[in-house]
Every structure is written in structure tokens, then in C-alpha cells.
Amino acid sequence: MDKVLDSAADAVGDIPDGAVLAVGGFGLCGIPSTLIGALAATRATGLHVVSNNCGVDDWGLGLLLRAGRIARTISSYVGENKEFARQYLSGELEVELTPQGTLAERLRAGGAGIPAFYTPAGVGTQVEEGGLPWRYGADGSVTLASPPKEVREFGGRRYVLEEAITADFALVRAEVADRHGNCVFHAAARNFNPLCATAGRVTLVEADRIVEPGVLEPDAVHLPGVYVDRVVLADPTDRRIERRTVLAALQEA
């Protein structure tokens with residue numbers, strides 16, 4: 001089955017208001033910026049986003065955030081986005097902060113059909129006990145806080161129960177995809193992308209290159225096409241570096 005669409009706009013055109021999106025990437029590495037840009041050009045709003053972070057102020061998921069289109073996020077690291085902090089602290093955005101490894105496993109479990117699992121991450125903290133601010137009021141008060149989690153002991157050690165995550169749509173960035181949706185990711189850009197892809201009921205992939213079926217060696221495939229519904233060509237110029245650092249010796253050269 002040929003899963004390639006003509007444009008990113010075609011791929012995201014049926015994402016409705018209030019949809020739950022699992023979005024790949026880590027920082028600005030491997031984020032599906034072409035699909036996000038196309039989604040930003042639609043009118044879909046009230047979105048619930050599951051992503052390790054929320055882009056930066058003017059790029060990636062930051063575009064949707066700045067436009068007030070995201071209602072809730074489940075994230076791990078959000079420290080590079082001032083608009084995110086402003087919306088969260090002013091009560092405009094609901095935020096469920098989750099330990100990074102737990103977030104990855106919640107997505108993996110969702111894709112594997114596992115409804116929940118026990119983990120030691122967060123034991124003895126507000127992750128277990130509840131009370132993490134999910135939403136603030138305009139006056140700075142906490143209007144919605146995380147609930148306490150179920151705890152069990154295995155082998156003399158305490159673990160908290162975490163629920164799996166599934167999404168209505170997954171947005172993913174690959175280096176190469178074939179027309180059947182088989183994908184290969186480049187180095188660290190693999191990050192959360194395969195996890196989001198398997199957790200999505202409808203998975204959209206943008207790829208730097210699209211090749212014919214049979215070009216990719218089966219053993220080289222990171223994400224089988226059975227998990228992918230739509231493939232589009234990514235904008236190869238749409239890339240950024242979150243923090244550019246150069247050795248002093250190179251600066252002086």
C-alpha cells in the first residue's frame with residue numbers, strides 16, 4: 001500500500017479540535033516540524049499534546065503554543081520555552097510533568113497494548129503522593145493537582161503504578177521512509193519518535209527522503225510500516241539547533 005501523500009497539509013487535515021497528539025523529538029532534534037507547521041496552518045485547537053518538550057518560543061510545538069492551540073501537555077522537560085512557562089503559571093495551560101523514562105515507557109506500553117506498569121521512578125515524591133500542580137488559577141493558586149498513585153511492593157521495594165499513553169494521532173520525523181511506511185531514523189533523532197509512532201492510532205511520518213519499497217534492508221528498519229498510516233516529504237531546510245556551542249579555540253581561529 002502506497003502511504004505517501006502529496007503534502008503535509010493533506011496529512012494533518014482531519015486532525016480535529018481536542019485531539020490527543022503524540023509528538024516525537026527531543027529538544028529540537030528529530031521533531032516533525034513540517035507536520036507541526038502544517039497543523040499550525042489549520043484551525044484545530046484545544047489540542048492535548050504528549051511530547052518530551054514543547055519546542056521553543058517560535059518553532060516546533062512552540063508555534064501551536066504561541067497561538068493558544070494547546071490546552072494540555074504531558075511532558076518531561078519544558079525549560080526552553082518562556083511562553084510555555086507564562087501560560088502554565090497564568091492558568092492558561094494544563095501541564096502533567098512526568099519523569100522522562102516514565103514518559104518513554106508510558107508511550108511504549110501504549111503501543112504494546114499494556115494498560116499500566118509499575119516503576120520505582122517517583123517513589124517517595126509528589127509523583128507518588130500527588131499534589132503536583134497541573135493547572136494554576138489566574139491568582140496563582142493551584143486549581144488542579146495530580147492525584148496520588150497506587151503503590152505496591154515487589155521484592156522489598158516500592159513501586160508506583162503508571163498508566164500507558166495512547167494518542168489519536170502521532171507526528172513523527174524520520175530520516176528515510178519507503179512508500180509502505182517503513183522508517184529509518186538518524187542517530188539521536190530516533191529518540192521518542194518510534195515510541196510516539198506505535199502509541200498513535202493514526203501515525204503521520206515526515207521523512208527527509210522517501211524511497212521505493214525494497215530499498216531499505218529489512219534489518220535496518222527501525223519502525224515497521226504496519227505502524228504508519230501516512231508519509232510526507234519533510235522540508236529539508238526546516239532545521240534548527242537549540243543551543244549552538246563552539247569551543248573558544250575555534251572561535252579565535
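## Close-up views of a predicted model

**View 1. A charge sits over a ring.** The charged end of R72 is placed over the ring of W134. From the centre of that ring it is 4.9 Å away. This model is predicted, and so are the views that follow.

**View 2. Y88 and Y136 form an aromatic pair.** The structure holds 3 aromatic pairs. In one of them, the ring centres of Y88 and Y136 are 5.2 Å apart. Their planes meet at 65°, so this pair is edge-to-face. An angle over 60 degrees is what earns that label. Y88 belongs to helix α4, and Y136 belongs to strand β6 (residues 133-136). The pair therefore ties together parts that are 48 residues apart in sequence. Are these two residues, Y88 and Y136, buried or exposed? Both Y88 and Y136 are buried.

**View 3. F154 and Y159 pair edge-to-face.** Here the ring centres of F154 and Y159 lie 5.7 Å apart. The planes stand at 75°, so the pair is edge-to-face. F154 has 34% relative accessibility, so F154 counts as partly exposed. Y159 is buried, because its relative accessible area is 18%. The cut-off for buried is under 20%.

**View 4. Y118 joins the ring cluster.** Ring pairs link Y118 with F154 and Y159 into a cluster. Y118 is found in strand β5 (residues 116-119). With 27% relative accessibility, Y118 counts as partly exposed. Which residues does Y118 touch, leaving out those up to four places away in sequence? They are E150, R152, F154, Y159, V160 and L161. Take V160: Y118 and V160 are 42 residues apart in sequence. Yet their C-alpha atoms are 5.3 Å apart in space.

**View 5. The largest nonpolar core has 28 residues.** The residues with the most contacts inside this core are I15, L21, L35, L39, L47, L171 and L204. Several elements each supply at least two of its residues: α1 (8-12), β1 (20-23), α2 (33-40), β2 (47-50), α3 (61-66), α4 (82-89) and β10. Which element gives the most to this core? It is α2, with 4 residues.

**View 6. L21 has many neighbours to trace.** L21 touches I15, L39, L47, H48, V49, V50, A167 and F169. Residues up to four places away in sequence are not counted here. A second core, separate from the largest, has 24 residues. Among them are A22, L107, I165 and A170.

**View 7. Strand β12 pairs with β10 and with β13.** Strand β10 (residues 167-178) runs parallel to strand β12 (residues 200-211), and the two pair over 10 bridges. One bridge joins V176 to R209 in β12. β12 also pairs in the parallel sense with strand β13 (residues 230-233), over 4 bridges. There, L204 has R230 in β13 as its bridge partner. In a regular strand, side chains alternate between the two faces of the sheet.

**View 8. Helix α5 has the span expected of it.** Helix α5 (residues 100-112) has 13 residues. At 1.5 Å a residue, these should span 18 Å. The end C-alpha atoms are 19 Å apart, which agrees. Which residues of α5 are buried? They are T102, L103, A104, R106, L107, A109 and G110. After α5 comes G113, with a positive phi near 80°.

Note on methods
Residues numbered from 1 in each chain as written. Predicted model: local features only at pLDDT ≥ 70, side-chain atom pairs only at ≥ 80, totals over all residues. Heavy atoms only, no water. Pairing = 2+ DSSP bridges. Core = buried A, V, L, I, M, F, W, Y, C linked by side-chain atoms within 4.5 Å. Buried < 20%, exposed > 50% of the residue type's maximum accessible area, 1.4 Å probe, protein only. Contact = heavy atoms within 4.5 Å. Phe/Tyr/Trp six-rings, centres within 6.5 Å; stacked < 30°, edge-to-face > 60°. Lys NZ or Arg CZ within 6 Å of the ring centre and 35° of its normal. Expected span 1.5 Å × (residues − 1).
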